[in-house]
Amino acid sequence: MARITVNVDGIRFEEEVEPRLLLVHLLRDRLGRTGTPIGCDTSNCGACTVLLDGKTAKSCAVLAVQADGCDIGTVEGLADGGRRHPVQDAFHEEHALQCGYCTPGMIMAAIDLLRTDPHPSEEAIREGLEGNLCRCTGYQNIVRAVRRAAAAMSASVSVNGEQAAAREVPA
Ligand code: FES
Ligand code: FES
């Protein structure tokens, strides 16, 4: 057994784990983060995608011991109080899901994509999400949702930027 420490959605956990335990099983079975689903047994579908130190990782392809000392973000940590993350809102507004099984991973992948490319083209969105499979939607509304989220996030940055600039103006 190995002793590891992980920060999951801002909460610190210390766990004794078997070296073969997968991160997705640590999250779901030990830490109760069942919002991160398992969609395949081939590390192919992306449903289990989380943010590992801010970057996407398929949690079924990472050992829990490899996450020792890391910050892990799951879909369950996105909402700020009662307010959904803008990417969650955009998926809702654009009806970017049907069964919803791919959605947590798709949202985490979209957040990482928008971190590195805040104004992605349709092609960049399709490329950025190519590691996440959806059996239901045909992807069209998912692409629309990511574009909508990009617009909402850049509008909020510019509002906050203006507010910050206003605060800096001497009275
Ligand atoms: S469950 Fe991890 S990639 Fe499918
Ligand atoms: S909404 Fe069903 S797999 Fe994507």
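In strand 4, Lys55 is the bridge partner of Leu52, and that pair is a handy place to enter this predicted model. Strand 3 and strand 4 are joined in the antiparallel sense over four bridges. The hairpin they form has two residues between the strands, and in it Asp53 takes a positive phi near 50°.

Stay in strand 3 for a moment, where you will find Thr49. Is Thr49 buried or exposed? Its relative accessibility is 5%, and because buried means under 20%, Thr49 counts as buried. Have a look at what surrounds this side chain. A polar atom of the Thr49 side chain lies 2.6 Å from the backbone oxygen of Gly46, and the side chain also makes a polar contact with the side chain of Asn132, at 3.4 Å. Leaving aside neighbours within four places in sequence, Thr49 is in contact with Thr56, Ala57 and Lys58, and also with Gly105, Met108, Ala109 and Asn132.

Now let us step back to the whole sheet. The sheet is open and has five strands in the order 2-1-5-3-4, with mixed pairing. Which strands stand at the edges? They are strand 2 and strand 4 (55-58); each has a single partner strand, so one side of each is left without a neighbour in the sheet. On average, and ignoring direction, neighbouring strands here are turned by 40° against each other.

At the other end of that order, strand 1 and strand 2 run antiparallel and are joined by seven bridges. Within this pair, Asn7 stands opposite Arg12 in strand 2. Their hairpin has two residues between the strands, and Asp9 takes a positive phi near 50° there. On its other pairing, strand 1 (residues 2-8) runs parallel to strand 5 (residues 71-73), with two bridges between them. In this parallel pair, Val8 is placed opposite Ile72 in strand 5.

Strand 2 (residues 11-17) also holds Glu14, a residue worth a closer look. With 40% relative accessibility, Glu14 counts as partly exposed, because that class falls between the 20% limit for buried and the 50% limit for exposed. Not counting residues up to four places away in sequence, Glu14 touches Arg3, Ile4 and Thr5. The Glu14 side chain makes a polar contact with the side chain of Arg12 at 3.0 Å and another with the side chain of Arg3 at 3.3 Å. For a sense of scale, the C-alpha atoms of Glu14 and Ile125 are 36 Å apart in space, with their positions 111 residues apart in sequence.

With the sheet in mind, turn to the helices that lie against these strands. Helix 1 (residues 23-30) lies across strand 1, strand 2, strand 3 (49-52) and strand 5, and runs at about 110° to strand 2. Helix 3 (residues 103-116) packs on the sheet as well, touching strand 3, strand 4 and strand 5, and its direction makes about 40° with that of strand 3.

How far should helix 3 span? At 1.5 Å a residue, its 14 residues should span 20 Å, and the end C-alpha atoms are indeed 20 Å apart, which agrees. Helix 3 is also largely enclosed by the rest of the structure, because 12 of its 14 residues are buried. Among these buried residues are Gly105, Met106, Met108, Ala109 and Ala110.

That brings us to the nonpolar interior. In soluble globular proteins, nonpolar side chains tend to be buried together. The largest nonpolar core here has 25 residues, and those with the most contacts inside it are Val87, Phe91, Met106, Leu129, Ile142 and Val146. Helix 2 (86-93), helix 3 and helix 5 (140-168) are the elements that give two or more residues to this core. Which of the elements gives the most? Helix 3 does, with eight residues.

Leu129 shows how some of these parts meet. Apart from its neighbours within four places in sequence, Leu129 is in contact with Met106, Ala109, Ala110, Ile142 and Val146. There is also a second, separate core of 18 residues, which includes Ile4, Val17, Leu23 and Val62. Ile4 already appeared above, as one of the residues that Glu14 touches.

Note on methods:
Residues numbered from 1 in each chain as written. Chains lettered and ligands numbered in written order. Predicted model: local features only at pLDDT ≥ 70, side-chain atom pairs only at ≥ 80, totals over all residues. Heavy atoms only, no water. Buried < 20%, exposed > 50% of the residue type's maximum accessible area, 1.4 Å probe, protein only. Contact = heavy atoms within 4.5 Å. Polar contact = N/O pair within 3.5 Å; in protein donor to acceptor, adjacent residues only side chain to side chain. Pairing = 2+ DSSP bridges. Axes fitted to C-alpha atoms, helices over the stretch in contact; angles between N-to-C directions. Expected span 1.5 Å × (residues − 1). Core = buried A, V, L, I, M, F, W, Y, C linked by side-chain atoms within 4.5 Å.
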